[in-house]
Amino acid sequence: MEEIPAKTIVTKCKAPAEWFGIDYNMNIYKGCCHGCIYCDSRSACYGVEEFDRVRVKADALRVIRDDLRRKTKKGVVGTGAMSDPYNPFEKELLLTRHALELVDAFGFGAAIATKSTLMLRDVDILKEISEHSPVLLKVTVTTADDGLCRKIEPRVALSSERLDMIAKLSAEGLFAGVLLMPVLPFLEDTPENVLEIVRRTAEAGGKFIYPAFGMTLRMNQREWYYEKLNEVFPGEGLVVKYQKRYGNLYECRSSRAKELWEVFAAECERRKIRYRMRDIIAGYRQRYEVRQMNLFDCYDSDST
């Protein structure tokens, strides 16, 4: 595997409160081989050439160690924003696993986004981190139909396998849930699909679902997506439908977004699943904030 240079890997987020309360980003790999037809990270603005070829950042563990050592403020380290930390090469390279060991050793929390069931391998470390810091496990599921999943996400775990993983993570006491995004117009944006994902997440013990009823399309990504639509769904005229409805728009919201939000929110309320960002952040951080408050209370009472 090709190595690429990196002076730093763990970088501070610009607006942590707005995206799952994540304080730092960590991407060990560059590129992704899952082959998802809709991936926004393929967009030209990110400058990732040969996106389907996975590369690794040179001397990554040393760089991560030094990055964490220099941080003056503890926080939650997120990974999976630009490339899945559990790509097939991770099974042997173990870089994500060892990076999580460093996150644990330096007293940071972790937030992971993935479509791979390989994350189950690292349950032991995730539980160790959760003893002292918040842990948030985000599993992307966009369709309840495994057949459709195999078409739009050809080289990754099936939706049913990811939901089974959420059940196993939840059984271990970890805060796991679903990223319901993107919801592809004309393919996935039906109440039946959305409600089935809510139902199955609830049955798996998932703590949250965060949705986006639509997708993004911009340079590089749009061309790739349209090519794949014609290849995977021949004769269905999907590209024409997208062009007619969205033109060159970046944000392609489902025409059913309002309806989907209403049925989704009502079902989440009924099943007591968090779905608003502030509630998800509060949910996975609450235990640790209460603990800190109790420590301060003890300190104050002892000092008076």
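## Overall form

With 304 residues, a compact globule would be expected to show a radius of gyration near 19 Å, and the protein, at 20 Å, agrees with that expectation. The structure is a predicted model, and its C-alpha atoms fill a box of roughly 75 × 50 × 30 Å when the box is taken along the principal axes. Eleven helices and twelve strands are found in the protein.

Of the contacts between residues at least 6 apart in sequence, 78% join residues that are at least 24 apart.

## Burial, surface and charge

Buried residues account for 53% of the 304 residues in the protein. The area that the protein exposes comes to about 14,700 Å², of which carbon and sulfur atoms supply 51%.

The protein carries 47 positive and 45 negative side chains, and the centres of these two sets lie 2 Å apart.

## The sheet of β1, β5 and β4

Three strands, in the order β1-β5-β4, form an open sheet in which the pairing is mixed. Its edge strands are β1 (3-4) and β4 (29-30), each of which pairs on one side only. Between β1 and β5 the pairing is parallel and runs over two bridges, and the bridge partner of E3 in β5 is V56.

## A58, in the loop after β5

A58 belongs to the loop between β5 (55-57) and α1 (60-70). Its relative accessible area is 22%, and because buried means under 20% and exposed means over 50%, A58 is classed as partly exposed.

When neighbours within four places in sequence are left aside, A58 is in contact with E3, I4 and V63; E3 is also the residue whose bridge partner in β5 is V56. A58 and A265, by contrast, are separated by 207 residues in sequence and by 44 Å in space, taken from C-alpha to C-alpha.

## Strand β7 and its partners

Strand β7 (residues 109-114) is mostly covered, with six of its six residues buried. The cover extends to both faces of β7, since G109, A111 and A113 are buried on one side, while A110, I112 and T114 are buried on the other.

Strand β7 pairs with strand β6 (residues 76-79) in the parallel sense over four bridges, and within β7 the bridge partner of T79 is I112. Strand β8 (residues 135-140) also runs parallel to β7, to which it is joined by five bridges; here the bridge partner of A111 in β8 is L136. Both of the β7 residues named in these bridges, A111 and I112, are buried, and they lie on opposite sides of the strand.

Notes:
Residues numbered from 1 in each chain as written. Predicted model: local features only at pLDDT ≥ 70, side-chain atom pairs only at ≥ 80, totals over all residues. Heavy atoms only, no water. Rg over C-alpha atoms; globule rule 2.2 N^0.38 Å. Buried < 20%, exposed > 50% of the residue type's maximum accessible area, 1.4 Å probe, protein only. Contact = heavy atoms within 4.5 Å. Areas by Shrake-Rupley, 256 points an atom, 1.4 Å probe, with all protein chains shown as cover. Lys, Arg positive; Asp, Glu negative; His and termini not counted. Charge placed at Lys NZ, Arg CZ, Asp CG, Glu CD. Pairing = 2+ DSSP bridges.
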